Amino acid sequence: MEKIYMENNQNQKQKKTFNMLNVTVGLSFAIAFIAVASILLVVAFKPSYSYEKLDTLPESVNALRFDKRLQGNQAANTTIMFKLQYGENNATARGICLESAVVYGGQVTLTKDGDEINDVGLIYLIQRLDEIGAQIESDYSSNNNFGCTQTTCSGEDIAAWVRQNAVWAYQAQKLGPSNPEIYGQITDSSVDTYYDYNGTINSTVVFDSDATAGESYTCPGGDTWFNHYGVTDVVSEALTKQGTLDDVSINLGVANEGNSQWVESGDFYRTGKISVETLGSSSNVVSASLSGIDKAKLYGCPASGDCKEITDLSNISLGDYDHFRVYVPKDAVSTEKKNVTVVFNYKFDVISGYYYKADGHQTVTMLGTIPKEVSKGLDFTIVKVPDTATDISGTIYVVGLIVLLSGLGILYINVRKQKTQTQQ
């Protein structure tokens with residue numbers, strides 16, 4: 001009786017063990033299946049991404065003693081010609097007076113007063129008058145020295161006289177007699193020569209009052225200097241000029257493709273088409289810079305043909321390309337949000353000048369080419385967004401592997417235990 005009980009008990013134990021073994025094996029295989037499926041999910045799903053000539057104007061100048069007194073038609077109003085000395089090498093240039101009623105004081109240091117000249121019309125006028133002056137000097141040699149027979153005659157003197165009187169005419173018309181504090185205002189109301197273009201300005205003859213009698217310059221054809229060289233028209237044009245000296249800008253635009261700033265392209269992600277346009281510039285050469293991701297590259301794309309990397313970002317001719325793109329290698333993108341910035345820079349020269357003053361002396365100016373720079377940029381955001389399905393499948397894979405190994409361990413222990421009990 002005891003033996004039968006023991007055998008039944010043993011059989012029950014074996015049966016229980018066998019059932020547990022079946023459950024364990026079934027569970028292990030089930031988990032193994034899930035683990036294998038997880039591995040397949042990892043392979044099937046990829047991560048997703050979300051994108052987003054004077055080079056400088058001197059601070060001060062030295063006003064030298066005047067070297068010429070020129071007057072039109074022997075009028076009482078005398079125009080003084082003088083030079084300004086500047087720079088380490090003591091270069092000289094003709095100065096321009098901006099206050100006709102103030103006495104010129106030579107042999108004094110004048111310092112700049114305020115910022116650069118903001119009168120666009122004045123600067124436009126002086127530039128155009130330099131062109132006219134060059135024409136006058138050229139004509140001087142082919143027109144019998146404008147009738148001057150003296151050895152001290154100079155075409156440069158006539159050019160300087162025309163320029164100075166044209167500047168006064170411009171200021172008088174623009175500023176009027178009621179604003180004596182404005183630079184260039186003719187403060188002496190009794191001097192109306194420059195308001196109506198008569199007398200000195202419309203003269204046919206210019207005299208050098210420092211020279212011996214008879215030294216004079218006669219405008220070709222008996223015409224007036226202003227009329228013959230179109231000075232009056234240039235003054236009128238200058239009066240219409242408005243804006244700022246650096247009225248130059250860059251327009252940037254980017255065309256998204258689909259709903260994203262970035263599009264997959266081989267081993268890279270690239271932006272949509274970036275268009276670059278310079279406004280008010282005399283050149284279409286720009287430079288560019290990239291920041292945010294070291295491996296980012298700028299590509300230029302012609303109207304036809306393939307886009308190519310621009311290796312020299314300092315000298316880009318816009319005429320060579322229809323548009324641009326920024327490329328970022330896939331291995332440079334991570335789950336950390338990064339900004340990629342592309343900046344286009346346009347460098348140009350603008351003609352500018354300062355007002356130079358000293359107490360009790362004439363306010364004067366001279367012009368030079370000043371380097372300017374206009375910049376504009378675009379920001380793109382790029383970040384690797386983890387794929388939810390990928391993360392879950394990876395977790396299932398790990399858990400499944402652990403459970404599988406645990407199941408095999410349990411199976412091994414139970415089988416070993418059952419074998420031991422059978423042997424007993």
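**Helix packing and aromatic pairs in a predicted model**

Good morning. Gly121, Tyr124, Leu125, Arg128, Leu129 and Ile132 of helix H2 are in contact with Val231, Val234, Val235, Glu237 and Ala238 of helix H5. By residue class, this contact between H2 and H5 comprises eight nonpolar residues, one polar residue and two charged residues. I should state at once that the structure is a predicted model.

Let me turn to the geometry behind that contact. Two packed helices are described by the angle between their axes and the distance between the axes. For H2 and H5, the angle is about 155° and the axes are 8 Å apart. Angles over 145 degrees count as roughly antiparallel, and therefore H2 is roughly antiparallel to H5. Their crossing is right-handed.

The next pair is H2 with H3. Helix H2 spans residues 120-142, and its axis comes within 8 Å of that of H3, with a crossing angle of roughly 155°. The angle makes H2 roughly antiparallel to H3. H2 passes H3 in a right-handed crossing. On the H2 side, the contact involves Gly121, Leu122, Leu125, Ile126, Leu129, Asp130, Gly133, Ile136, Glu137 and Tyr140. On the H3 side, the partners are Gly155, Glu156, Ile158, Ala159, Val162, Arg163, Ala166, Val167 and Tyr170. The residues of this H2 and H3 contact divide into twelve nonpolar, three polar and four charged.

There remains the pair H3 and H5. How do the axes of helix H3 and helix H5 cross? H3, residues 155-175, and H5, residues 231-239, have axes that come within 10 Å and cross at roughly 40°. Because of that angle, H3 is oblique to H5. The crossing of H3 past H5 is right-handed. H3 contributes Val162, Ala166, Tyr170, Gln173 and Lys174 to the contact, while H5 contributes Val231, Val235, Ala238 and Leu239. Of these residues, seven are nonpolar, one is polar and one is charged.

I now move to the aromatic rings. A pair of aromatic rings is described by the distance of the centres and the angle of the planes. The count comes to ten aromatic pairs. One of them joins Phe268 and Tyr327 in an edge-to-face arrangement, with 5.9 Å centre to centre and 75° between the planes. This pair links distant parts of the chain: Phe268 belongs to strand E13, residues 268-271, and Tyr327 to strand E19, residues 323-329, with the two positions 59 residues apart. Are these two rings buried or exposed? Phe268 has 22% relative accessibility and so counts as partly exposed. Tyr327, with a relative accessible area of 10%, is buried.

Tyr346 and Phe348 provide a stacked pair, with 5.4 Å centre to centre and 10° between the planes. Both Tyr346 and Phe348 are buried. In addition, ring pairs link Tyr140, Phe146 and Trp225 into a cluster. Tyr140 also appeared earlier, among the H2 residues that meet H3.

Finally, I draw your attention to Ser352, which lies in strand E20, residues 338-357. Its relative accessibility is 0%, so Ser352 counts as buried. Which separation do the C-alpha atoms of Ser352 and Ile370 show? They are separated by 6.4 Å, although Ser352 and Ile370 are 18 residues apart along the chain.

To close, let me return to the helices: H2 is roughly antiparallel to H3 and roughly antiparallel to H5, whereas H3 is oblique to H5. Thank you.

Terms used
Residues numbered from 1 in each chain as written. Predicted model: local features only at pLDDT ≥ 70, side-chain atom pairs only at ≥ 80, totals over all residues. Heavy atoms only, no water. Axes fitted to C-alpha atoms, helices over the stretch in contact; angles between N-to-C directions. Helix = DSSP H or I, 4+ residues; strand = E, 2+ residues; numbered from the N terminus. Parallel < 35°, antiparallel > 145°, perpendicular 65-115°, else oblique. Left-handed = near helix turned anticlockwise from the far one by under 90°. Contact = heavy atoms within 4.5 Å. Nonpolar A, V, L, I, M, F, W, Y, C, P; charged D, E, K, R; others polar. Phe/Tyr/Trp six-rings, centres within 6.5 Å; stacked < 30°, edge-to-face > 60°. Buried < 20%, exposed > 50% of the residue type's maximum accessible area, 1.4 Å probe, protein only.
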